[in-house]
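Visitor: Could you walk me through this one and tell me how each label is earned?

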Amino acid sequence: MENPATIFISIASYRDPELLPTLADMLCNAAHPENLHISICWQDCEAIEIFEQAGLSPQENRIVQDREVAVYSYKQARIEIINVHYYTSQGACWARSLSESLFDNECYFLQIDSHTRFIPNWDNEMVSMLQQLQIDSPNPIISSYPPGYTPGPDEVTSKMEFVSRLIFREYDQHGIPMFSSTPFISLTPVRGSYLAGGFIFTLGNFVESIPNDPQIFFAGEEISMSVRAFTHGYDVYHPSKLLLWHYYQRKEHDKIWGDHNNEAKDEGLIDSTWWERDRLAKKRVRTLLGLESESDINLGPYTLGNQRTLRQFEYQAGICLENGTVSPEVMDSRKINYFATRTCNETEWLNRQHAYYKKTITFNASDYETSEFEMNKLHLNVYNAQNSLLYKQTLTRLEVDTLKKSALDGAFSLLIEFKTAKMVKPHVIRVCPWSDSFGWGTVTEKTW
């Protein structure tokens, strides 16, 4: 029987010292901590007694899907912990999937990372916002990349004060869309197309309709959840007011890709390295997105819905997955991430799209300096695999010298950014110095 007052909170935590501070901050700032059911997949090697030492009251141990679950109470909230050694972890979505196994028909669902801070009365604010959105959408989702904070003595002042919406950044080398964010100002939440894995708030039945695919390691999680949610009839909204903060980078913290390496596999501590799991995960993502023509992958319950199509998602987001292209408005200064309607026919829509490429290239002094003559210009040409010219740029001597001022040993970095027609991908960069007196120098090739 559905409990209309409760929020199910899923947290995947990997060797994270911020987990306990996150729990404390969440519960101290909740208007109704008694309505919270917190499920944690705790991937660590510490003794579970640290939770009792932190003030959590142990209640019982129970078995769910052959796994032991430790049940605690803190500030009247119900906290359940699935304790696994970090060497047995299979990735972020695997951990999220385990957390979701403890769902108990709560009315609302919140997915966060274990390094998060909250505004006062965050639970009331999220519920109120979602209920308001239900006037226009039967299945709204609130999601964004929260602004950042940094733990420590200056934590309060480190909290950034803005809201943002997810935008398309680029296709990775596997053709999978990757995202970034841009700030916005609005009196009400704005429609979007993409979900952020570190903050999802929606109706509780989302857990059953769009469960996390445990075989997705990390990259590809957000586009997968976005298209699955859309095709199951959910609508994404980016909140117009600040609700929580997220700790980004965490350079000093342990990560799974630092632990699950060749050495750990050679010692028999893990079955697969992180990149072996990641390679299989990306094939699943590509299968979901229709990019694998002869895939033997069975997605099972982690596939598209039947309420809307993948092509409709592409129209809404302004991207064409098969061609690896996007509409101009997606990449220009407007950074549009949601198109309410398609204003042209299919052919015109495809013809308006382009592939946008961006890469930072490092040039060494040997790429442009020569003992035979003094360079006046440096020519950069980008070609595809068929040796067709896609882009060219010429740097004057003054521009090169300016770039070198902040470089070491004569090396400097240059951002190359351009757009091309669909299905035409860069393959190689050819660099050649020019002298007004002696002509062309030696050509150097760099792989794109």
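Guide: Sure, here come the labels and the values behind them. This is a predicted model, where local features need pLDDT of at least 70, side-chain atom pairs count only at pLDDT 80 or more, and totals for chains, interfaces and linings use all residues. Residues are numbered from 1 along each chain as its sequence is written, and side-chain values use heavy atoms, with hydrogens and water left out.

Visitor: What makes the radius of gyration of the chain agree with a compact globule?

Guide: The rule, over C-alpha atoms, is 2.2 Å times the number of residues to the power 0.38. For 448 residues that puts a compact globule near 22 Å, and the chain has 25 Å, so the two agree.

Visitor: Why is glutamine 65 called exposed?

Guide: Exposed means over 50% relative accessible area, buried under 20%, and partly exposed in between (1.4 Å probe, protein chains only). Glutamine 65 has 62%, so it counts as exposed. It lies in the loop between β3 (57-64) and β4 (67-74); strands are DSSP runs of E, at least two residues, and helices are runs of H or I, at least four, numbered from the N terminus. Glutamine 65 also has a positive phi of about 50 degrees, though it is no glycine.

Visitor: And what makes glutamine 249 exposed?

Guide: Its relative accessible area is 61%, so glutamine 249 is exposed too. Glutamine 249 sits in the loop between β14 (244-246) and α8 (256-259), and its phi is positive, near 70 degrees.

Visitor: How much of the chain counts as buried?

Guide: Of its 448 residues, 53% do.
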